[in-house]
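Here is my note on the model. It takes the ligand site before the nonpolar cores.

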Amino acid sequence: MATDRIETLLDEQRRFTPSDAFKAQAHVRDTSPHERARRDPEGYWADWAKQLEWSRPWDRVLEWKPPHAKWFLGGKLNASVNCLDRHVRAGKSGRVALIWEGEPPGEVRRITYGELHADVNKFANVLKGLGVKRGDRVAIYLPMVPEVAVAMLACARIGAVHTVVFGGFSAESLRDRINDAGAKILVTADGGYRRGAIVPLKQNVDEALADTPSIEHVVVLRRTGQTVTFKTGRDLWWTELMARAPKDCPPEAMDAEDPLYILYTSGTTGKPKGILHTTGGYLTHVYATTKWVFDLKESDVFWCTADVGWVTGHSYVVYGPLALGVTEVMYEGAPDHPGKDRFWSICAKHGVTVFYTAPTAIRAFMKWGTELPARHDLSRLRLLGTVGEPINPEAWMWYQEHIGGKRCPIVDTWWQTETGGIMITPLPGVTATKPGSTTVPFPGIEAVLLDGEGKEVKVGGGYLAIPKPWPGMLRTIWGDDERYQQVYWSKWKNKYFPGDGAKRDEDGYFWILGRVDDVLNVAGHRIGTMEVESALVDHSAVAEAAVVGRAHDLKGQALAAFVTLKEGRQGTDALREELKNHVSKKIGALAKPDDILFSADLPKTRSGKIMRRLLKDIAEGRALGDTTTLADPAVVAKLRDQYESQET
Ligand code: WTA
């Protein structure tokens, strides 16, 4: 057993080729699209764009004035029309768009394209009635309920720009995002269900809105039914507004380059970046990748388990699958509630055929045991996907065997909030997969590896770079184009820098190694070390803090914080808890440090820079790297002893 496992981990050449049966029914069966896209990338992407509905055709496919790209210039379209109206017009209004399962067992809603279309029209009129105009920002802070899709598509219908804030973020995080975006309206719920408990969304909202001058109204959806406080004139109930709203809302003809949404993501400073996506290119990219990567047909039931608060939920719960007109599952709650087999019971109950989740979830399933999926009929599954962080080959193999019954191809998809859609991925009917590799770029996308000097590495390790613009790419950072240029385009001339390290094998396959900047990936969520450090030093007891990532079995990475206290403060267990809660309050529970070590000093260079690399060595129990540049070499030895004694 143990030897097998080691072999699995080491054998990079182990391959899985798609079965003849899978190939026979797949949208793509050979590499001709890759070749076509290489010969004529613009023509190739234009062919995809033609599969969408435009109210005015574009004049020009691409304008590339590095580092700014525009796609489908002059074209006009509306994202909600592409996700709804055209399916309704094609006679598919009775087709189920969303099979929604609530966290409390037994709660299921099936919403057809016709019903979703009707709700989106009405909610678009609600927003208009509240004074929302084209270009205005609307913040959305909702649980995973169908209304989150309704709210997003209603914004798209009237040309308002949505910014969805994940329900796990704290009041302060919500406030900062609302203020950065200058949102006029906030759409929220009384609360949301999570692991049987209630997340008090409206209570967080009340706290956040103490300091958000741009917000004029709050629309509140009743979900949990708990008592909430209402501010007269500002707060309004969703159902009451919907009951009064006119039925039809004609869609705005949006320019291909008009903003569709802003989504905040962590960077290397304390301030999250508002990633701006526009309409035509983004929709083309997510439509194309949804169709080919997930090989979706009318007979499929797709389930992407991501929350709509993250980009995966934007692209592969809302815009991609709905633009394609497929049936999908949306689940409100946690994977382990009420039992640790909840996902498998949902797959069996709704006949899920294509399933897309994150490695951190797969590692949790592995830990919970094979008997849980074995209890359920997963025979309708035909394709599996993963995203969010590098998947270890052992988890890949487990997924393939125990969820996919050894018959389902696995698509390991690399992409980012900034890329909008999937970039490096197998095509399931074509690409031979290797556990742990995201394989090759999607047709029409290029990727290379560069060394420290910017020279291309054909085989070996380096920095991942995207040398050509692609339709779904971010257009800028909201309100901070300088930061956009600096973060993504200053490392090399005219090549996008995603911040990931990777290696490339002799077959040209990419193996993503992880972030090369101060951004951590904790359970598939991007967290900037600086954000957590700022939250820690915001506490009155803290003088200085350094946060590093350490390897973690389930989460991929865990947060280790090294904290120096102010004179006279004692590093007690109670203070440790207080600091964890403080971070949770400032950012959200997802950013809570796993370990906090109090230390009189931090290892610094003579110029005063904290040497995080050494802190990481300490946190991971490794031999210390080069300590020669340290101002005081004794500090690290002391810290290591302290860390080790704390762990026992
Ligand atoms: C990481 C999520 C390895 C990567 C869609 C990237 C991955 C960051 C993979 C983006 C993958 C995403 N293999 N690493 N298949 N997919 N990543 O913005 O470090 O939340 O830069 O977007 O996740 O995270 P984000």
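Which residues around the ligand come nearest? The points below start there.

1. The model is predicted. The ligand has 18 residues around it, and D412, T417, D500, R515 and R526 come nearest.

2. Three side chains give polar distances to check. D412 has a side-chain N or O atom 2.7 Å from a nitrogen atom of the ligand. For D500, a side-chain N or O atom is 2.7 Å from an oxygen atom of the ligand. R526 also places a polar side-chain atom 2.7 Å from a ligand oxygen atom. The protein covers 96% of the ligand's accessible area, which is 530 Å² for the ligand on its own.

3. On the make-up of the shell: six residues are nonpolar, seven are polar and five are charged. Helix 12 (311–324) supplies at least two residues of this shell. Strand 20 (410–413) and strand 25 (510–515) each do so too.

4. Next, the nonpolar interior. The largest nonpolar core has 160 residues. Inside this core, F123, L186, V187, F294, Y319 and V563 have the most contacts. Helix 7 (residues 146–158) gives the most to the core, with ten residues.

5. V563 deserves its own look. Leaving out residues up to four places away in sequence, V563 touches L536, V542, E544, A545 and L579. V563 also touches I596, L597, F598 and S599.

6. Where does the second core sit in the residue list? A second, separate core has 29 residues, and I99, L372, I391 and Y399 are among them.

Methods
Residues are numbered from 1 along each chain as its sequence is written. This is a predicted model: local features need pLDDT of at least 70, side-chain atom pairs count only at pLDDT 80 or more; totals for chains, interfaces and linings use all residues. Side-chain values use heavy atoms; hydrogens and water are left out. A residue is near a molecule or strand if one of its heavy atoms lies within 4 Å of it. A polar contact is a pair of N or O atoms within 3.5 Å; within protein, one must be able to donate a hydrogen and the other to accept it, and residues adjacent in sequence count only if both atoms are side-chain atoms. Accessible areas come from the Shrake-Rupley method with a 1.4 Å probe; for residues, only the protein chains shown count as cover. Helices (H or I, at least four residues) and strands (E, at least two) are DSSP runs, numbered from the N terminus. Ala, Val, Leu, Ile, Met, Phe, Trp, Tyr, Cys and Pro count as nonpolar, Asp, Glu, Lys and Arg as charged, and the others, Gly among them, as polar. A nonpolar core is a set of buried Ala, Val, Leu, Ile, Met, Phe, Trp, Tyr and Cys residues joined through side-chain atoms within 4.5 Å. Buried means under 20% relative accessible area, exposed over 50%, partly exposed in between (1.4 Å probe, protein chains only). Contact means heavy atoms within 4.5 Å.
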